[in-house]
Amino acid sequence: MWAELADVGRNPATGGYRRFAWTRADHDLREWFTAAAVSRGLDVTVDRCGNQWAWWGEPDTVPGVVTGSHLDSVPDGGAFDGPLGVVSAFAAVDALRDKGFMPARPLGVVNFCDEEGARFGIACAGSRLLTGALAPERALALSDVDGVTMAGALATAGRSTDIGRDEQALRRVATFVELHVEQGRGLVELDAPVAVASAIWPHGRYRAELPGQANHAGTTRLEDRVDPTLAYARLILAARRSAQTHGAVATCGKVRFAPNGVNAIPSLVTAWVDVRAPAGDDARAVIAELAALSEQAGGTFTEESLTGATTFDTELRRRLAAALGEPPVLATGAGHDAGILAAAGFPAGMLFVRNPTGVSHSPAEFAERDDCLAGVTALAAVLADLTRTPE
Ligand code: HGY
Ligand code: MN
Ligand code: MN
């Protein structure tokens with residue numbers, strides 16, 4: 001399965017992946033998901049938002065236990081963030097069947113669409129739309145760097161724009177467990193292949209729009225300039241300083257200069273800031289400082305998405321840990337669909353698989369084969385435990 005995905009959306013120049021929502025690469029990944037499900041005799045359905053579900057058993061009478069993750073990526077992302085959870089889910093189904101296991105309740109595999117929000121800017125868009133945490137009209141109006149709206153992209157991909165909370169899809173879910181490559185070095189330091197997640201940090205994404213006056217790079221005296229890149233430079237340094245002060249992390253990873261000419265002072269800088277912290281108050285303190293700086297520069301600082309702290313269901317977490325012989329328990333600063341389902345009131349949990357580089361959202365992201373297999377074994381054990389009895 002891993003080899004089947006290896007070249008889909010791969011950028012040969014960097015070895016990273018560009019698998020953005022509702023693009024050709026996404027289409028090929030969705031086709032792969034359907035084929036992997038059908039070849040296992042699983043029933044594939046697609047909900048109103050485009051999330052793909054593959055069912056072993058019939059989930060409309062008794063809600064099922066669902067595992068899976070996402071297949072999309074950040075620009076030049078790694079191979080494992082997302083796909084490891086989906087491939088491991090199918091491999092866990094295979095492992096259970098090889099042992100002759102028959103679940104006493106439906107078992108589902110899900111591919112949540114648009115988890116990274118790389119194209120339209122909102123992370124976990126598929127699971128947020130599914131649970132009603134993101135308004136359909138807002139999502140449809142989001143546009144990508146080429147000005148294509150999500151509505152337009154859905155239409156091009158042959159999908160209806162009648163997206164939004166999907167009660168039937170939600171009724172089928174009793175519990176969700178997501179396996180994910182660790183996006184840090186916790187398991188390296190603990191020298192363990194698999195961990196159970198305890199919490200996800202609060203995190204927010206903001207868009208700063210800093211206006212300037214377009215003018216000639218050669219003929220405009222310094223004292224006559226209204227150059228928004230100076231405000232942007234101050235924003236970047238303030239983000240790092242404020243994060244340091246408040247025990248947070250802040251990232252200025254995406255920026256657009258308009259008109260983006262070498263010999264013209266920009267008329268506008270549009271910049272995105274990703275802010276996260278173990279405690280919501282600390283993230284809010286950083287956000288307030290950056291908003292004030294943007295406004296002092298005559299600009300705006302707009303929230304694109306804000307996710308509160310997620311503490312995973314403690315009963316489920318204890319059950320996962322017990323099924324796995326009490327592995328390490330780790331919190332994470334990375335957002336996940338499991339966090340969105342938890343926030344929507346579903347019992348949700350996560351398993352992490354060791355990443356020897358600790359690096360993620362980069363081609364350097366990695367997981368050893370043996371650790372991936374340990375993840376599959378752990379996921380199969382957890383799924384067997386959760387589906388052993390009808391309740
Ligand atoms: O940004 C995140 O934390 C996740 O990878 N979407
Ligand atoms: Mn990610
Ligand atoms: Mn992910």
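Helices (H or I, at least four residues) and strands (E, at least two) are DSSP runs numbered from the N terminus. The model shown here is predicted: local features need pLDDT of at least 70, side-chain atom pairs count only at pLDDT 80 or more, and totals for chains, interfaces and linings use all residues. Residues are numbered from 1 along each chain as its sequence is written, chains are lettered from A and ligands numbered from 1 in the order in which they are written, and side-chain values use heavy atoms, with hydrogens and water left out.

**View 1. Asp-81, Glu-116 and His-361 hold the manganese ion (ligand 2).** Asp-81 offers OD, Glu-116 offers OE and His-361 offers NE2, at 2.0 to 2.2 Å from the ion. Donors here are N, O and S atoms within 2.8 Å of the metal (3.2 Å for Na, K and Ca), and water is not among the atoms, so sites may look incomplete. Along the sequence the spacing reads D-x34-E-x244-H. Asp-81 and Glu-116 come from distant parts of the chain, 35 residues apart: Asp-81 is in the loop between strand E5 (64-70) and helix H3 (83-98), and Glu-116 in the loop between strand E6 (107-112) and helix H4 (125-131). Are these two residues buried or exposed? Asp-81 is buried at a relative accessible area of 5%, and Glu-116 is buried at 6%. (Buried means under 20% relative accessible area, exposed over 50%, partly exposed in between, with a 1.4 Å probe and protein chains only.)

**View 2. A second manganese ion (ligand 3) shares Asp-81 with ligand 2.** The two ions are 3.5 Å apart, and Asp-81 coordinates both. The protein donors of ligand 3 are His-70 (NE2), Asp-81 (OD) and His-180 (NE2), lying 2.1 to 2.2 Å from the ion. In sequence shorthand that's H-x10-D-x98-H. Here the chain brings together Asp-81, in the loop between E5 and H3, and His-180, in strand E7, 99 residues apart. Both Asp-81 and His-180 are buried.

**View 3. Six residues surround ligand 1, among them Glu-116 and His-361.** The others are Glu-115, Arg-276, Ala-334 and Gly-335, where being near takes a heavy atom within 4 Å. Three of the shell residues are charged, two polar and one nonpolar. (Ala, Val, Leu, Ile, Met, Phe, Trp, Tyr, Cys and Pro count as nonpolar, Asp, Glu, Lys and Arg as charged, and the others, Gly among them, as polar.) Look for a nitrogen atom of ligand 1 at 3.1 Å from a side-chain N or O atom of Glu-115, and one at 3.0 Å from a side-chain N or O atom of Glu-116. On the backbone, an N or O atom of Gly-335 sits 2.7 Å from an oxygen atom of ligand 1. The protein buries 96% of the 210 Å² that ligand 1 exposes when taken alone (Shrake-Rupley areas, 1.4 Å probe; for residues, only the protein chains shown count as cover).

**View 4. His-336 sits in the loop between strand E16 (329-332) and helix H12 (337-343).** His-336 counts as buried, with 2% relative accessibility. Beyond its neighbours within four places in sequence, His-336 is in contact (heavy atoms within 4.5 Å) with Glu-115, Cys-124, Glu-178, His-180, Gln-183, Ile-200, Met-350 and Phe-352. You'll recognise Glu-115 from the shell of ligand 1 and His-180 as a donor to ligand 3.

**View 5. Val-173 belongs to strand E7 (residues 173-181).** With 8% relative accessibility, Val-173 counts as buried. Residues up to four places away in sequence aside, Val-173 touches Trp-53, Pro-63, Gly-64, Val-66 and Phe-346. Pro-59 is 114 residues away from Val-173 in sequence, yet the C-alpha atoms are 7.8 Å apart.

**View 6. Thr-387 is part of helix H13 (residues 369-387).** Thr-387 is buried, at a relative accessible area of 0%. Sequence neighbours within four places aside, Thr-387 is in contact with Val-65, Phe-101, Pro-103, Ala-104, Arg-105, Pro-106 and Leu-107.

**View 7. Thr-229 lies in helix H9 (residues 228-246).** Its side chain makes a polar contact of 2.7 Å with the side chain of Asp-227. (A polar contact is a pair of N or O atoms within 3.5 Å; within protein, one must be able to donate a hydrogen and the other to accept it, and residues adjacent in sequence count only if both atoms are side-chain atoms.) Thr-229 also touches Phe-257, Pro-266 and Val-269, not counting residues up to four places away in sequence.

**View 8. Ala-364 is in the loop between strand E17 (348-353) and H13.** Ala-364 is partly exposed, with a relative accessible area of 38%. Its contacts, leaving aside neighbours within four places in sequence, are Thr-357 and Val-359.
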